[in-house]
Every structure is written in C-alpha cells, then in structure tokens.
Amino acid sequence: MRAFRLLLASLVLLAAASPAAAEPDAVAADRGGALRYPVAKRTDLVEEHFGIKVADPYRWLENDVRTDPAVRDWVARENALTRRSLDALPGREILRKRIEALFSHGRFTLPRKAGKRYFYGYNSGLERQTPLYVREGLNGAQRLVIDPNSWAEDGGVALAEWAPSPDGRRLLYAVQEAGSDWRTLKILDVDSGKVLDDRIEWVKFSQLAWDGRSEGFFYARFAAPQEAYRSENLGQQIFYHRLGQAQAQDVLVYATPDRPKLGHMAQVTGDGRWLLVSSFEGTDPRREFRVAELTGGRLKLRALVRGIANDWRLIGSRGSTLYFITDLNAPHRRVVAIDARHRWRDLREVVPERKDSLAGGALVGNRLILAYATDAQTVAELVELDGRRVSDVPLPGVGTAAGFSGRDGDPETFFSFSGFVSPASIYRFDTATMRYDLFARPELPFDPEQFGIEQVSYPSKDGTLIPMTIIRKKALALSKTPAPTILYGYGGFNISLTPGYSATRLAWLEQGGVYAVANLRGGGEYGRAWYDAGRAANKQNVFDDFIAAGEWLKAQGYTSRDGLAIEGRSNGGLLVGAVVNQRPDLFAAALPAVGVMDMLRFDRFTAGRYWIEDYGSPDREADFRLLRAYSPYHNIREGQDYPAILVSTADTDDRVVPAHSFKYAAALQAANLGPKPRLLRVDTRAGHGSGKPIDKLIEEYADSYAFAAYHTGLKIRAAP
C-alpha cells in the first residue's frame, strides 16, 4: 500500500462558453437531473459468514477486465460517461495546462555512487518516464545510460528499481510494464551501453543486491502465476544469479515452502562480506533475519534474529558488526549492534530510544546519520559508532530530508530536501567536514512566498489531539475568508505523511483553494503506539480522526458548509469510502483513488494477504465483524444524500485490484443517494501509481481537481 513498506506516499473553449452551455450530465444531476449510468448486472449471490448473510451482487466485476468481455464492456461505458462529464467541467482544461506547466522543470533523483561513477535520474520536465544518467566523477559530463521513453509509444513501460554494481561497470535494472508490481530484470554494460542477454522474470517486491565481487546478484521472485494481475502472491523465494547464465540456472538461496505466506528480502552489506535474508508475514514492520558470510566459500545461512516479533532494519556494517534500528524494548526505536558471528541476544545498544521516533539511518564514512521524525518533519543527527552525538546534520530549512545512503569509509552522501511548496533539491553532504553543497535545484515556475503553512492540532472523537498541516495563500489567510478545501489523509501501515511537494496540489492552491493534510492514527508519525491506535480493532479511530478534521476545518472557518472535498489513495481510498458512508452530510465531494473497498475479500488477490496485520482477517469472526462494519462496498446508505464522488482506478493495478473500485462504483450508482454524480474513472495501461507516465498523471489530477472544484464552488480562472 503506497510504496511496499517491507521490501511501503493532482479550458480555453469552455471558459468562453456560458456555464449552462458547458454543463455535463454529471453537473445536471446536481440540479435535479439524473445520470444514466451504465447498467451493471446484479446477481443474487449471498454468502453466510459467522451467521451473517452478506450479499455480493457485483462479484462478477472481480473478473479481469482484459479477458472478460462483460467487464470490459461495462468499464468502457463507464469511462465514456465519465469522460463526457469531466471534459465539460468549467476550468478543467485550465487546470490541465497549469499542472503541465508546473511539471515543466528539470527534476533529479538522488545520485548513487559506484566506483568513481555517479548514477542518477533526470527528467527535463515533461518526459513521460525519467531517464537514467551517469557521470565519470562528481563533476564529469552527464551521459545518458537508459532512456525508458523509447520502450513504449504510450510511455507505459517504466524504469523501476536499479542498482549499479559495486565497481560501477554494470547496471542491474527493473522494467515495469503498465504500472504492474511485476518486474523483469536486465543488466547493462555501462561502458558500451549494451544490454546483456541476462533476463530475470516474475520478480516482485524485491531488493536488488549485488554480491561484493560484481559477479552476480540476489533477488526475490515468485513462481509464474496462473493470473498475473489477480493471483495471490505465495511462495516467494530468494535466488542468486551469476552474470551470463540463464535464469533456469539461478541458485535457490532461501525458501520456506512450509510457510508460503512469508515474504523474503535479500541484502548485502556495503563491504560485500555479509548476505542477510529477512522474512516477514505482512506489512507490519516485524521480521526475522538469517545471515551468511559471502567470503567463506559455500553459502550457508544461519539464524541471526529468530521470531517475527520486532522491527529490524539494517543500516550498515563494519567488519562483523551489523548496525540495526529496532523497536525491541523501544517503541520509538533505537540503534543496536550485533556481531554477525553470534546470536542477536548478545546485542549492544549504541543509541538509546528517545521520545522522537527514529525513522531511518545509515552508516556513512565513519559515522551514523540518524533521521528522527519530529512533528511530521525530519531532524537528522550525526553520531559516532560508539553512540556519542556529534551534532545535528545541517538542513536547508523545515521540511523532509530523504536519502543519506553511503558506505563505511566514504564520508560522501546525498540527500533530498523538500517542503509542501518547495520541490526537492539535492544536496551532497560530507560527514567528515560537516559541509553540504547543492547538487541540483529545480527552477520554480511559481513564487513559494505566496503560500503559508500552518501546523495545528484538533481533538478527535475520543479527545486525542491529531496534528494537521494547512496550506493556503497568505492573502487568503489574512482575509480569513472560507475557501473550498481538500482534506487529505492516509492513516495506516505505519506510514508517515511528511512535508513534500506536489505540482498537482499547487495548481489547486494557486486557484485559491485550501489543502489540509491530517496525520491520522495508524500512521508512523509518533511511534508504535500511534500506529497501533489506528489498525485492526482500532481502525475506527482513523475514520473518527478524519471526520473530526472535516468538522474542525468548518468550525474554524477554513471552509464553508458546502466547501469540503476529501481525497485519499490506496488505504486512503478506503478511508474516503468509509467516512463518506459514515458522514455523507459532511462532504461536498470525494476522491477515492485505487482504494480497498471490499474489506471481506481483500486478502484473496495479489498482495492483499500482506495487509491482514493492518486490517485483520476476514476468516476470523471478530475481525470479520469489524471489517463488515466499515467496508465501503457493504455500507452504502440507501436514501441518504451523498457527496459527488469520483472513483479512480487503473486496469493494471495489481496491488489493489480494480475490482474493489468496480464493485464499489456499481453499488453507488445503483443506490438512491441523491442527485450528485458518482463516476468511475479507469486508466488504461496503468497501475497503482508507480511508473505512471507524466501525461497520464496530469490528466488524472486535472480531472480530479476540476471535479472537486465544481462541487465545492472553487472558481477556476486563467492560470497565473
């Protein structure tokens, strides 16, 4: 959900026309008209679970849109209706052009050093996919290595994960087709630019781990599935591939056939000495570790950390000493050292727990860089290997820092820094001199000084104070005038919502809209207790937190009675669907995207089984009753006036399969929910989000925010 944590996050012609002339069918429905939705066949399917009869009339929409003609026809008719409706929205084309302009600047990804080479991504602005470049030395000339824009005419094939070999001579990279989570691995000779014959299939949720000699790499894969985009992911295995060999010759390193639901990841320490294999059951960051020495001849894994009970994150090594971040006896996490030759119970504490959550770390040069989350922002510290604090890492301001990867002995590292109205800049940092220098900064097509950022807290239903960030124009804040507002939330999977730039969000702000981000329980902003307070039996807290945010924004005058829209993606799409059912009167518009909408069958498809630790299992009675109580698909309230809803998904989403959105949209359209529209938007050759071409992203958010603008009363004017 969002990024997978374990290996896991926005009309020239119509403007000239009168509103009546431009009005789509969906808008007419607001004024007493009725949309003619495509008919979705309704079956009499009813199943009994723990004495409760549950109807599932749209089960047939779970079939693959690529292979089932009935599903394909229904989706095509839904898309046609939605396209007619959205294209006629006032200001939709203005928004599209402005979002496009806001993307029209160069963007760098964090450099990775291998040998004397520096590899990084650079998009000149509107390239559908981001090409990969290399420099010979820090100040060398930029040379194109891979251009994924040449792989498909529609830009639907992306360069996903990549890793240079330790010597920088080879590049291992993953090809992502149509936004799917499946990967095909290939290898490039960096000097010649030739793609080698090696080809690795059916890789998913895998790290790319070169051995220390640059002779091969470790990866995780599944067996070829019966249905690539629907089958449950079971039986992940770790393999070793030696360069020049066929995949059939790859060596099986680790598997757990007696525990097929376990997932596995392989990591190699920076010095190439140790292989670590971590195993986990779900998205809850708990895992066990096995270790093997790569320099000792025959590979033999042995247990290092037994039992899937705690969070363990390898952040570096020196000799046989492995440095981990863990929540063992430390809910806010601490740093410990373990001798790879001994048992984990002989660990040594390096940096003790403190009140701020330890979000990440890395061993760079001869020191540790540790990142702490403080009020949903990043504070970084430099620490000696014995735990003595050196100083804060100098950061450019208040925002989110990410990166800081490196190796023992090399003091050089890179980090990105961004804020809500500041696109990411890249900095080079030297842990020995404590100096940081700008590596790349994007040119801004707007003035960030126009916008103000407010951090507030509000009480949830049970009195818990929930942090929220509100972004709007400074002039709007001074006038204290209510304005159309989008409220965004996620609230799950221990994921923190930290300051980050969004070109699509900025297009909304420029038009005079307000944008609010609520740090709901279930996230990772405040340690284990905050996460636990919003998952499983406590999931209703997340919905209460979000509803309370909407009520507070209205009560405090940020928005008007009919001026609030809500937005969420993936687990956030579930959030939007659930709170719309519980408080349809509170919202004017809702934008649930790629959401988990059927909570009684989520675990039956692709990666859904991983989410049981967050949601609970539909096969357990107590969990079933909780899930049934808030499942968006099962709790639509017939006879209530619902907000305008734009449900978004994609045909190749194999993280949260599109059946969730299909069934939910069909149920919404069949119910008597008042005059406002309930539309379904289905992207083609796109997935859960990653790998989506820039032009598809621009179109999606122009649709979503034009829809939200119309139904909250935001007047879209000519772009600045």
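This tour moves through the aromatic pairs, two charges placed over rings, and two cavities of a predicted model.

Begin with the aromatic side chains, of which the structure holds enough to form 35 pairs. Select Phe 414 and Phe 439 as one example: their rings form an edge-to-face pair, with 5.5 Å from centre to centre and 75 degrees between the planes. If you now colour by secondary structure, you will find Phe 414 in strand β29, which covers residues 412-419, and Phe 439 in strand β31, which covers residues 435-440, so the pair ties together parts that are 25 residues apart in sequence. Both members of the pair can then be checked for exposure: Phe 414 has a relative accessibility of 5% and therefore counts as buried, and Phe 439, with a relative accessible area of 15%, is buried because the cut-off for that class is under 20%.

For a pair with another geometry, select Trp 552 and Tyr 558, whose ring centres lie 5.6 Å apart and whose planes meet at 25 degrees, so that the pair is stacked. Trp 552 and Tyr 558 are both buried.

Return to Phe 414 and Phe 439 and extend the selection to Phe 108, Tyr 118, Tyr 120, Tyr 122 and Tyr 133, because these residues together with the two phenylalanines form one aromatic cluster.

Next come the charges over rings. Select Lys 41 with Trp 60, where the lysine lies over the face of the ring at 5.2 Å from the ring centre. Then select Arg 505 with Tyr 515, where the arginine lies over the face of the tyrosine ring, at 4.9 Å from its centre.

The last stops are cavities. The largest cavity has a volume of about 120 Å³, and to find it you can select Glu 47, His 49, Arg 59, Leu 600 and Arg 601, which are the closest to its centre among the 14 residues that line it. Strands β1 (46-49) and β2 (52-55) each contribute at least two residues to this lining, whose composition is seven charged, five nonpolar and two polar residues.

From there, go on to the second largest cavity, which has a volume of about 100 Å³. Its lining consists of 15 residues, and a selection of Glu 62, Asp 64, Arg 230, Val 657 and Pro 658 will show those that lie nearest its centre. The lining of this second largest cavity is made up of eight nonpolar residues, six charged residues and one polar residue.

Key:
Residues are numbered from 1 along each chain as its sequence is written. This is a predicted model: local features need pLDDT of at least 70, side-chain atom pairs count only at pLDDT 80 or more; totals for chains, interfaces and linings use all residues. Side-chain values use heavy atoms; hydrogens and water are left out. Rings of Phe, Tyr and Trp (its six-membered ring) pair if their centres lie within 6.5 Å; planes under 30 degrees apart count as stacked, over 60 as edge-to-face and the rest as tilted. Helices (H or I, at least four residues) and strands (E, at least two) are DSSP runs, numbered from the N terminus. Buried means under 20% relative accessible area, exposed over 50%, partly exposed in between (1.4 Å probe, protein chains only). A charge sits over a ring if NZ of Lys or CZ of Arg is within 6 Å of the ring centre and within 35 degrees of the ring normal. On a 1 Å grid over the protein atoms alone, a cavity is a set of points where a 1.4 Å probe fits but cannot get out, and a pocket is an open set with protein on both sides within 12 Å along at least five of seven lines; lining residues have an atom within 4 Å of a point. Grid points are joined across faces, edges and corners, and a volume is the space filled by probe spheres set on the points. Ala, Val, Leu, Ile, Met, Phe, Trp, Tyr, Cys and Pro count as nonpolar, Asp, Glu, Lys and Arg as charged, and the others, Gly among them, as polar.
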